[in-house]
Amino acid sequence: HKKTEVPVYSFKQSHLFDTEIYPENIASFFTDGTADVRINAMVDWQKNQAAIVRKKSIWQNKNCQMDTQNQSLCNQLCNYLNLTRGLHISPKNLAITSNANMSLYLLTEILFDNNDTIAVGGKNYYKANMIFQKNGSKICAIPMDEEGIDTNKLEKICQQTSIKADYVMPHSHYPTTVSLSKTRRLALLHLAKKYNFIIIEDDWGYDFQYEKMSSLPLYSADDQDRVIYLGELGQNLTPGYQTGFVVGNPNLISAINQFAQMVMHPTNLLMQ
């Protein structure tokens with residue numbers, strides 16, 4: 001029996017995924033910040049992983065095998081974020097995910113409804129835009145300059161339409177690498193309170209800084225509980241070792257963890 005190429009059933013398709021991100025016939029391409037596996041210490045990685053596998057304590061806690069996050073890692077990550085980024089959080093403010101894109105996906109599923117409007121930078125991370133639009137949200141592009149997103153233009157848009165959230169990368173905007181100025185950081189926090197919207201702060205590049213003096217995340221200056229902080233660890237390691245995290249209100253984190261149990265695998269004990 002020869003099956004037809006066109007299925008007899010229907011399924012969802014989206015033009016968002018029509019573009020071929022990695023064409024086959026191309027002489028060169030940008031790695032987009034991913035690690036170069038050719039110069040990674042693969043032998044050392046293999047030795048470390050083998051040593052971890054031999055630890056009996058890793059497999060003794062049966063509950064860890066069903067959880068989406070490792071409590072020990074959660075505690076240590078809280079300490080690290082408090083020490084390096086001034087967040088002042090506890091484990092109840094932190095959810096660990098498989099990567100930054102998964103963090104954003106979980107948030108959109110919980111926070112946004114169809115036709116909600118999300119403000120983003122004029123030149124923005126394309127995968128974030130795709131995740132927002134896949135969820136049915138509308139993208140509103142805000143002009144940018146050498147100080148980052150134009151908060152004056154953002155306010156004018158807020159006066160005309162209801163903004164549910166603003167997605168920003170204050171430390172190093174992707175792909176422009178522009179940092180949001182101190183004046184506009186304060187202005188953005190003020191606008192979030194004035195026009196009642198959420199700030200999703202994606203701090204993907206915080207660990208890739210080479211100067212001691214750097215601005216702390218917006219989350220550290222937020223006293224209105226309007227900022228949700230996203231980050232990622234392990235971008236410079238072998239692909240597959242990335243770990244994402246979400247920092248926010250304990251009730252939001254609880255909802256994320258509950259939803260994550262449905263869409264994410266149990267904890268990867270070896271990687272964490």
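Tutor: A nonpolar core is a set of buried Ala, Val, Leu, Ile, Met, Phe, Trp, Tyr and Cys residues joined through side-chain atoms within 4.5 Å. The structure discussed here is a predicted model.

Student: Which residues of the largest nonpolar core touch the most other members?

Tutor: The largest nonpolar core holds 30 residues. At least two of its residues come from each of α3 (71–85), β1 (94–97), β3, α6, α7, α8, β8 and β9. Those touching the most other members are Leu81, Leu94, Leu154, Leu188, Phe197, Ile199 and Val247.

Student: Which residues does Leu188 touch, not counting residues up to four places away in sequence?

Tutor: Leu188 is one of the residues that touch the most other members of the largest core. With residues up to four places away in sequence not counted, its contacts are Thr151, Leu154, Asp166, Val168, Leu180, Phe197, Ile199 and Leu218.

Student: How many residues does the other core have?

Tutor: This core lies apart from the largest one. Among its members are Leu104, Val120, Val246 and Phe259. Its size is 28 residues.

Student: Why are the buried residues of α6 placed on the same side of the helix?

Tutor: Helix α6 spans residues 151–160, and its buried residues are Thr151, Leu154, Ile157 and Cys158. Asn152, Lys156, Gln159 and Gln160 are exposed on the other side of α6. The buried residues are assigned to the same side because the arc they cover around the axis is only 115 degrees.

Student: Which residue caps the N-terminal end of α6?

Tutor: The buried residues of α6 are covered by elements including β2 (117–121), β3 (138–142), β5 (148–149), β6 (165–168) and α7 (182–194). At the N-terminal end of α6, a side-chain oxygen of the capping residue lies 3.0 Å from the backbone nitrogen of Asn152. That residue is Asp150.

Student: What kind of aromatic pair do Tyr219 and Tyr229 form?

Tutor: The whole structure contains 9 aromatic pairs. In the pair of Tyr219 and Tyr229, the centres are 6.4 Å apart and the planes stand at 50 degrees. Tyr219 belongs to helix α8 (residues 218–221) and Tyr229 to strand β8 (residues 227–233), so the pair ties together parts 10 residues apart in sequence. An angle that is neither under 30 degrees nor over 60 makes the pair tilted.

Student: Is Tyr229 buried or exposed?

Tutor: The relative accessibility of Tyr229 is 0%. Buried means under 20%, so Tyr229 counts as buried.

Student: How many residues apart are Tyr229 and Phe245?

Tutor: The rings of Tyr229 and Phe245 form a tilted pair, because their centres are 6.3 Å apart and their planes are at 40 degrees. Both residues are buried. Tyr229 lies in strand β8 and Phe245 in strand β9 (residues 243–247), and the pair links distant parts of the chain, 16 residues apart.

Student: How far apart in space are Lys127 and Asn101, C-alpha to C-alpha?

Tutor: Lys127 is located in helix α5 (residues 126–134). Its relative accessibility of 28% makes Lys127 partly exposed. Lys127 and Asn101 are 26 residues apart in sequence, and their C-alpha distance in space is 7.7 Å.

Student: Where in the chain is confidence highest?

Tutor: The chain has an average pLDDT of 85, and 83% of the residues score at least 70. Confidence is lowest in helix α2 (residues 57–60), at a mean of 69. The highest value, 98, belongs to β6.

Key. Residues are numbered from 1 along each chain as its sequence is written. This is a predicted model: local features need pLDDT of at least 70, side-chain atom pairs count only at pLDDT 80 or more; totals for chains, interfaces and linings use all residues. Side-chain values use heavy atoms; hydrogens and water are left out. Rings of Phe, Tyr and Trp (its six-membered ring) pair if their centres lie within 6.5 Å; planes under 30 degrees apart count as stacked, over 60 as edge-to-face and the rest as tilted. Helices (H or I, at least four residues) and strands (E, at least two) are DSSP runs, numbered from the N terminus. Buried means under 20% relative accessible area, exposed over 50%, partly exposed in between (1.4 Å probe, protein chains only). The arc is that of the directions from the helix axis to the C-beta atoms. Contact means heavy atoms within 4.5 Å. A polar contact is a pair of N or O atoms within 3.5 Å; within protein, one must be able to donate a hydrogen and the other to accept it, and residues adjacent in sequence count only if both atoms are side-chain atoms. pLDDT is the predictor's confidence in each residue, from 0 to 100.
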